[in-house]
Amino acid sequence: MWMFVLLGNVLRGIGETPVQPLGISYIDDFAESENAALYIGCVQTISIIGPVFGFLLGSLCAKIYVDVGYVDMETITITPEDARWVGAWWLGYLIAGTVTLLSAVPFWFLPKSLPMPVDKHDSSCTPEQTRFIKDADSPTLDHKIRLEEPANLHVMANEFVPTLKTLLGNPVYILYLGVTVIQFNSLIGMVTYKPKYIEQHYGQSASKANFFMGMINIPAVALGMFSGGVVIKKYKLGVMGAAKLAFGTSLLGFFLSFLFLAMGCENSKVAGITVSYTGEEDLPYQEQSLFSDCNSGCLCSTKEWDPVCGENGITYVSPCLAGCTSSRGSGRNMVFDHCRCVAVTNILPVNLTARLGQCLPRYNCDRVFPYFLALSVLSSFIISLGGTPGLMLLVRCIKPELKSLALGIHTLATRTLAGIPAPIYFGAIIDTTCLKWAYNTCGGRGACRIYNTSSYRIVYLGLTLGLRAVSFFLCIWGFDLLRKHIKREKKALSNDSGELEFLRKENGSATGGQFLLSPDCNPERETRL
């Protein structure tokens, strides 16, 4: 069945192309230069707002049992807080797919071509040449409108390889590509496992974790993307200014993220895994440690995960391993009595009962969690401030005719080199911190039921911060290349201006004021959808 999911994602990726990356190039071509950054920031913001509704929809679906409508919910003994709970994941696909299909309709009504602002002509053209181009095409309009030309696939195929070699020969672009791939590995790995981190570390349900991501974290990212575009427009930042803004915000967010390492929680108290049956902590996990004198005669299975919470605040892997001999009630209200293992703890005397499910989160985690959310919002906003400047850096350091190809390769590289491998190796490394695995009906290993929270925090945050640290070293090298690139461009522009001035004087009298166009002054280089 996974093949159908793969095919669906491939088709979805094709459908995204008119918006990202071609839409970005489309806006940069036809918008005024001073407004392009703001418009691109708006598009990026809207694309971030979408996941807000996605996470909220996921939060709603996670509360609904996967087989709702096919089973009697009264017989279900687990709750959404249980690690075994599976939400109605399929419902989100149906709703999101329908909305996506409807959102495609307005694209049919977009114009094939838009008026092209005068300032979008080649920068090496003199004002007189730009005016000549405008007046020659339309003496009454301030914009040039180019008719749609049929695409020649044979010519496109022949020009693709030389164009690709030219693009990949740009060291600034290659270094930018390397930096973004590394940073996207960090970002995608962090975002993919952040809900799981909230679940395991702070004892929140999957539904609440998705809700927090959608309502708190993602809006901060959207606001940061939009604010980055506003800053570029307000202060009219050039290529180097955009690069400095992107680097500075990313570096500040990097240092803020180190504070997450201090916002730790202790492991859940699970008898035989994280604590002994007498309540002693820091217990090294071994399979035989699940057994104790209080449950030695019960013939319990160590492969089951059916947790119960004792009155002493300790979670037991199953009622059997808790030494319980009787039960009362049914469904989620079931209570187990005469649990001998509950009585052997060195904590104050308590009732020998246990209820279904794991014990509630630790008190210290309840106090730390709001600070975690606040820092998460702040760091997300600061890091995302550099998103739009970084994208403007990409489109402005590339020749206009290579812009669409550059954006396409950038999207392809980040999706294939970051979007695919990052969740895989992040998940594999995180799984090394698992303390208790489930087993499926065929005997194979299933999902992880409980993690070592301290190890999880170090591995998850360490890998995220480590990748970003590597990217900063490449950024320093990139600044040097970008500075040299800008100097070369200014020198070439100065030489071209001198030659054009000479041509203007030579041909002014002979042509009666008509100016020759430089070969580089090609107003036909805008990108069309």
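Arg-328 is partly exposed, because its relative accessible area is 47%, and the terms used here are set by cut-offs: buried means under 20% relative accessible area, exposed over 50%, and partly exposed in between, with a 1.4 Å probe and protein chains only. Arg-328 forms a salt bridge with Asp-337, and the closest N and O atoms of this pair are 2.9 Å apart. A salt bridge is here a side-chain nitrogen of Lys or Arg within 4 Å of a carboxyl oxygen of Asp or Glu. Asp-337, in contrast to its partner, is buried, with a relative accessible area of 12%.

Before going further, it helps to know that this is a predicted model, in which local features need pLDDT of at least 70 and side-chain atom pairs count only at pLDDT 80 or more, while totals for chains, interfaces and linings use all residues. Residues are numbered from 1 along each chain as its sequence is written, and side-chain values use heavy atoms, with hydrogens and water left out.

The structure holds two salt bridges, and the other one joins the side chains of Asp-480 and Lys-484, at 3.5 Å from N to O. Side chains of opposite charge can pair when their charged atoms come close. Asp-480 and Lys-484 are four residues apart in helix α15, and therefore they are separated by about one helical turn. Asp-480 counts as partly exposed at 31% relative accessibility, and Lys-484 counts as partly exposed at 44%.

We can now step back to the whole chain, which contains 15 helices and seven strands. Helices (H or I, at least four residues) and strands (E, at least two) are DSSP runs, numbered from the N terminus. Of the 529 residues of the chain, 41% count as buried. Among contacts (heavy atoms within 4.5 Å) between residues at least 6 apart in sequence, 72% join residues at least 24 apart.

The interior comes next. A nonpolar core is a set of buried Ala, Val, Leu, Ile, Met, Phe, Trp, Tyr and Cys residues joined through side-chain atoms within 4.5 Å. The largest such core has 31 residues, of which Leu-167, Tyr-173, Met-392, Leu-394, Ile-398 and Leu-482 touch the most other members. Two or more residues of this core are given by each of α3 (33-63), α7 (171-202), α9 (239-257), α12 (387-396), α13 (403-419) and α15 (453-511), and the largest share, six residues, comes from α7. If we follow Leu-482 and leave aside its neighbours within four places in sequence, we find Leu-482 in contact with Val-172, Val-239, Met-240, Ala-243 and Leu-393. Apart from this core lies another, of 28 residues, which includes Tyr-197, Ala-209, Leu-256 and Cys-365.

Helix α13 can be looked at in its own right. The expected span of a helix is 1.5 Å times one less than its number of residues, so the 17 residues of α13 should span 24 Å, and the 22 Å between its end C-alpha atoms agrees with this. Among the buried residues in α13 are Leu-407, Ile-409, His-410 and Ala-413.

On the outside, the accessible surface of the chain comes to about 28,400 Å², of which 65% belongs to carbon and sulfur atoms; such areas come from the Shrake-Rupley method with a 1.4 Å probe, and for residues only the protein chains shown count as cover. A nonpolar surface patch of about 1,200 Å² is made by residues including Val-5, Tyr-70, Trp-89, Trp-90 and Val-99. Patches are made of residues with over 30% relative accessible area and no salt bridge, where like charges are joined within 9 Å and nonpolar side chains (Val, Leu, Ile, Met, Phe, Trp, Tyr) within 5 Å. Helix α4 (residues 89-103) gives the largest share of the nonpolar patch, six residues. Trp-90 lies in helix α4 and is partly exposed, with a relative accessible area of 31%.

Finally, two loop residues deserve a look at their backbone angles. Most residues other than glycine have a negative phi, and most peptide bonds are trans. Leu-299, although it is not a glycine, has a positive phi of about 55°; Leu-299 is placed in the loop between α9 and β1 (308-310) and counts as exposed at 81% relative accessibility. His-338, also not a glycine, has a positive phi of about 55°. The place of His-338 is the loop between β4 (335-337) and α10 (340-343), where His-338 counts as exposed at 52% relative accessibility.
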